[in-house]
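Biologist: I should like to learn how to read a model of this kind, feature by feature. May we begin with the structure itself on view?

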Amino acid sequence: MAMAAAAAAAAATIGIMDGAYFVGRGEILSWINATLQLSLGKVEEAASGAVQCQLMDMVHPGVVPMHKVKVNFDAKTEYDMIQNYKILQDVFNKLRLSKNIEVNKLVKGRPLDNLEFLQWLKRYCDSVNGGIMNENYNPVERRSKGCKERGLKGSNKSSKSLQANRLSSANSADGGPCVGKVCNAIAEEHYIEQIQQLSEKIAGLKISVDSAEKERDFYFSKLRDIEILCQRPELEHLPMTKAIKKILYAADARDSPLPGANEIITRSPGMFPDEA
């Protein structure tokens, strides 16, 4: 009860303008890798929710059922990721944390959404333990008992080397290409890596599209304001207004409407009173 009250109080101090949301990706990744002995290279690699579960396990020992329901560090599909977030939500409920977990956005692997949630989580963890790591906490041991690490590029960096050695042994023994489980494991890891690379490209393209759409909407609103202004009764018959409308309503993208607009102004008497 006291733990839940303290946790809720700590979370309540993290507002939308908190300095936590100005912490960069590099610092967030360094903190996660140092705390959990991982080697994440991008924040979206934590999209499965397993990292978040273990961070809560570190600051609140015994609250996260790391092995009873098995936090899945090898989650690849959205379904498996959602199961991790269900565990995390149960932990938040136990601790009476009112933080909203936007699971639908996080499992898509969008960098900004995952960064924001990890920024909040770092701020929360720091507020619970004062930023001091629990020296008695063994992150590798905690997730190794019934939890797979392959999908997170964890501290067991020897996995790829081990597979390479197996492949070499198989080739040496048979004098030909590897067969069976070794080949399947290597092929699976290759495809997983390709999927991750494509997912990262898709996320980057999505950000570019969102930015382009915002820019489009901005300039469209400007043109709409000009159009409304030109429709005012006292302005719509002026030569300048007609010239602007000619540009606004030009349908042929190949030919510039500017010469025609210039001609309207040039032919209008009184437009240039200083000219002889």
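Biologist: Which helices do the buried residues of α3 pack against?

Modeller: This is a predicted model, in which local features need pLDDT of at least 70, side-chain atom pairs count only at pLDDT 80 or more, and totals for chains, interfaces and linings use all residues. Residues are numbered from 1 along each chain as its sequence is written, and side-chain values use heavy atoms, with hydrogens and water left out. Helices (H or I, at least four residues) and strands (E, at least two) are DSSP runs, numbered from the N terminus. Buried means under 20% relative accessible area, exposed over 50%, and partly exposed in between (1.4 Å probe, protein chains only); contact means heavy atoms within 4.5 Å. In this model, the buried residues of α3 pack against α2 (25-36), α4 (78-94), α6 (111-129) and α7 (139-144).

Biologist: How many residues of α3 are buried?

Modeller: Helix α3 spans residues 50-59, and 10 of its 10 residues are buried. Among them are V51, C53, L55 and M58, along with Q52, Q54 and D57. For C53, the relative accessibility is 0%, so it counts as buried.

Biologist: What is the secondary structure of the protein chain as a whole?

Modeller: The chain has 11 helices and zero strands. Of its 276 residues, 34% count as buried. Among contacts between residues at least 6 apart in sequence, 62% join residues at least 24 apart.

Biologist: At what angle do α10 and α11 pack?

Modeller: Axes are lines fitted to C-alpha atoms, for helices over the stretch in contact, and angles run from 0 to 180 degrees between N-to-C directions. Angles under 35 degrees count as roughly parallel, over 145 as roughly antiparallel, 65 to 115 as roughly perpendicular and the rest as oblique. Here α10 (residues 239-248) and α11 (residues 258-266) pack at about 170°, with axes 9 Å apart. The pair is therefore roughly antiparallel.

Biologist: Which residues meet in that contact?

Modeller: From α10 come P239, M240, K242, A243, K246 and I247, and they meet L258, G260, A261, I264 and I265 of α11. By class, these divide into eight nonpolar, one polar and two charged. Ala, Val, Leu, Ile, Met, Phe, Trp, Tyr, Cys and Pro count as nonpolar, Asp, Glu, Lys and Arg as charged, and the others, Gly among them, as polar.

Biologist: Where is L238, and how far is its C-alpha atom from that of S268?

Modeller: L238 lies in the loop between α9 (181-230) and α10. Its relative accessible area is 40%, so L238 is partly exposed. The C-alpha atoms of L238 and S268 are separated by 9.3 Å, although the two are 30 residues apart along the chain.

Biologist: Which sign does phi of Q37 have, positive or negative?

Modeller: Phi of Q37 is near 55°, a positive value in a residue other than glycine. Q37 sits in the loop between α2 and α3 and, at 38% relative accessibility, counts as partly exposed. R96 likewise has a positive phi, near 60°, and is found in the loop between α4 and α5 (103-106).

Biologist: How many disulfides does the structure hold?

Modeller: A disulfide is a covalent bond between the sulfur atoms of two cysteines. The criterion used is a pair of cysteine sulfur atoms within 2.5 Å, and the structure holds zero disulfides.

Biologist: Where does pLDDT stay under 50?

Modeller: pLDDT is the predictor's confidence in each residue, from 0 to 100. Where pLDDT is low, the predicted coordinates should not be read in detail. The chain averages 78, and 74% of the residues score at least 70, but pLDDT stays under 50 over residues 146-178.
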